[in-house]
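Got the viewer open and a selection box ready? Here is a walk through the fold, one stop at a time.

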Amino acid sequence: MSIRLLIASEVVEVAALSESVRRFRMAPLHRPSYPSFLGGEHVQVQLGDGLRRDFSLCGSPSERDFYEIAVLREEDGRGGSERFHSSVRVGEEVYVSYPQPGMLIDERAAHHVFVAGGIGITAILGLLRGFAGAAEAVVHYCVRHQADAVYLEELEQLGSRVILHVSTAGTRMDAEELIAGLPLGATVYHCGPESLMRSIDEAAAARAVPTRSETFATVPKRREILGAPFRAIMLAAGKTVEVGADETLLQSMLREGVPIEFSCEGGVCGSCVVEVQDGPIDHRDHCLSDSDRRLGMMTACVSRAAGDQLTVLL
Ligand code: FES
C-alpha cells in the first residue's frame, strides 16, 4: 500500500508525555480542518526530508482542527523516532496522509478487553476514543516503569478502568491468566511489542477467544545481525546489490541508488513491496497475504533471501 494523498500541515504543538514519548499536534495549512476519521485509524506523517512513519491517531474523532500522534524515542532504532524527537519543532511543515483503516470494534462482542504494551497505548486510546462503550472498558496497560505510562488522564476521562502492569514493580501481566479469566463473549484488542502480542494471540487461540490487533513496526536495531548476506539482482535497474548480514535489502537498495518507496521499515505498511522473479524468500513481514507471497511479493525492509541470491523485477 502506498499512500499518495498528503495534506500540507504544520506542527502546532510538541509536548513531552514522558522521558521517551512526545506528543505532536499538527494542523492543516490550506484547509480549515482535517478529514474525519474513526477511532483506531492511523496516518502517515512525512517530514520535509522525506522521512515517513505511520502513527495511530490519538486525538478525539470530534476534533478535526488538529491531528494528534505520539512518538516513542527508540535509542537503537534507525533514526526515525530520533529525528521526530530531536528536530521536529512547532512551525515545521509536514505532510499528513488521509486516515488509514486500523482496528475496529467487534460489534458482536458482549465484553471488550483492551491490552496495550508501551507505545501501543496510542492505538488502544485511539480505538477507545471512537467507542461508545469506552466507559465500561477494561484496559490492561503494560509498561516497564511506572513513569513510562502515558495518556492515563485521557483514559480516565473516557471512564475506562485501567489496570497498570509494571514489570519492574513485579506486576507483569500474565497473558494466559488474563485470557482464562475473561467472561464469555469477550473480544480482546491488543497492540504492543511483538512478544506481548504473540503471548496474547497464543493464549487466546488456545481458548478460542477472538482478538483484534494493530501491529507496530519493529525496526531492526543498528548493527544487529539480521541474517546471512545475499545478492539481489535488480532487473529493471540493471544493478546487482550485495546485502550485508547487518542490513536490509531496502537499505542496500537505497545505498546503491535503486529507487524504492518505503515508510515503516518494519514490514507493516507494504510501501516497499517488490516482486521477486527467482530465488527463495524468507518472509518476515506482517502485511502480505499467502497469495501475495505465492505471487513472489516480498517486503524489502524486513524479508530476506532464504538462499544466497534473489532476482527482483525492479
Ligand atoms: S517500509 Fe513498510 S513494509 Fe516495508
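Start inside. In this predicted model, select Phe114, Ile121, Ile124, Leu128, Tyr141, Tyr151 and Tyr189: among the 27 residues of the largest nonpolar core, these touch the most other members. Now colour by element, and you'll find that S7, H2, S8 and S10 each give two or more residues to this core. Which element gives the largest share? That's H2, with six residues. As a rule, nonpolar side chains tend to be buried together in soluble globular proteins.

Stay here a moment and pick Tyr151. Leaving out residues up to four places away in sequence, show everything Tyr151 touches: Leu17, Arg23, Cys58, Glu68, Ile69, Ala70, Ile121, Thr122 and Leu125.

There's another core to look at, too. Select Ala232, Val258, Met298 and Val312, which are included in a second, separate core of 20 residues.

Back to H2, residues 121–129. Is this helix mostly enclosed or open? Eight of its nine residues are buried, so the rest of the structure largely encloses H2. To see them, select Ile121, Thr122, Ala123, Ile124, Leu125, Gly126, Leu127 and Leu128. Next, bring up what these buried residues pack against: strands S4 (52–56), S5 (67–72), S7 (111–117), S8 (138–143) and S10 (186–191), plus helix H3 (152–158).

Two of those neighbours, S4 and S5, lead to the next stop. Show the open sheet of six strands, which runs in the order S4-S3-S6-S1-S2-S5 with antiparallel pairing. Look at the edges: S4 and S5 each have a single partner strand, so each has one side without a neighbour in the sheet. From one strand to the next, the twist averages 40 degrees.

Now turn on helix H1, residues 80–87. H1 packs on the sheet and touches S2, S3 (42–46), S4 and S5. Line up H1 with S5 and you'll see their directions make an angle of about 115 degrees.

Zoom in on S1 (residues 6–16) and S2 (residues 21–28). Seven bridges pair these two strands in the antiparallel sense, and they form a hairpin with four residues between them. Two positions are handy for getting your bearings:

- Select Glu13, and opposite it in S2 you'll find Arg25.
- Select Ala15, whose bridge partner in S2 is Arg23; Arg23 is also among the residues that Tyr151 touches.

S1 has another partner as well. S6 (residues 93–97) runs antiparallel to S1, and five bridges join the two. For a landmark on this pairing, select Leu6 and look across to Ser97 in S6.

Finally, zoom out to the full protein chain. How many helices and strands are there? The secondary structure comes to seven helices and 18 strands. The radius of gyration is 20 Å, close to the 20 Å that the globule rule gives for 314 residues, so the chain is as compact as a globular protein of that length. Along the principal axes, the C-alpha atoms fill a box of roughly 60 × 50 × 35 Å.

Colour by burial and 49% of the 314 residues count as buried. Switch on a surface: the accessible area is about 14,800 Å², and carbon and sulfur atoms account for 48% of that. If you draw contacts between residues at least 6 apart in sequence, 62% of them join residues at least 24 apart.

Notes
Residues are numbered from 1 along each chain as its sequence is written. This is a predicted model: local features need pLDDT of at least 70, side-chain atom pairs count only at pLDDT 80 or more; totals for chains, interfaces and linings use all residues. Side-chain values use heavy atoms; hydrogens and water are left out. Buried means under 20% relative accessible area, exposed over 50%, partly exposed in between (1.4 Å probe, protein chains only). Contact means heavy atoms within 4.5 Å. Two strands pair if DSSP finds at least two bridges between them. Axes are lines fitted to C-alpha atoms, for helices over the stretch in contact, and angles run from 0 to 180 degrees between N-to-C directions. A nonpolar core is a set of buried Ala, Val, Leu, Ile, Met, Phe, Trp, Tyr and Cys residues joined through side-chain atoms within 4.5 Å. The radius of gyration is taken over C-alpha atoms; the globule rule is 2.2 Å times the number of residues to the power 0.38. Accessible areas come from the Shrake-Rupley method with a 1.4 Å probe; for residues, only the protein chains shown count as cover.
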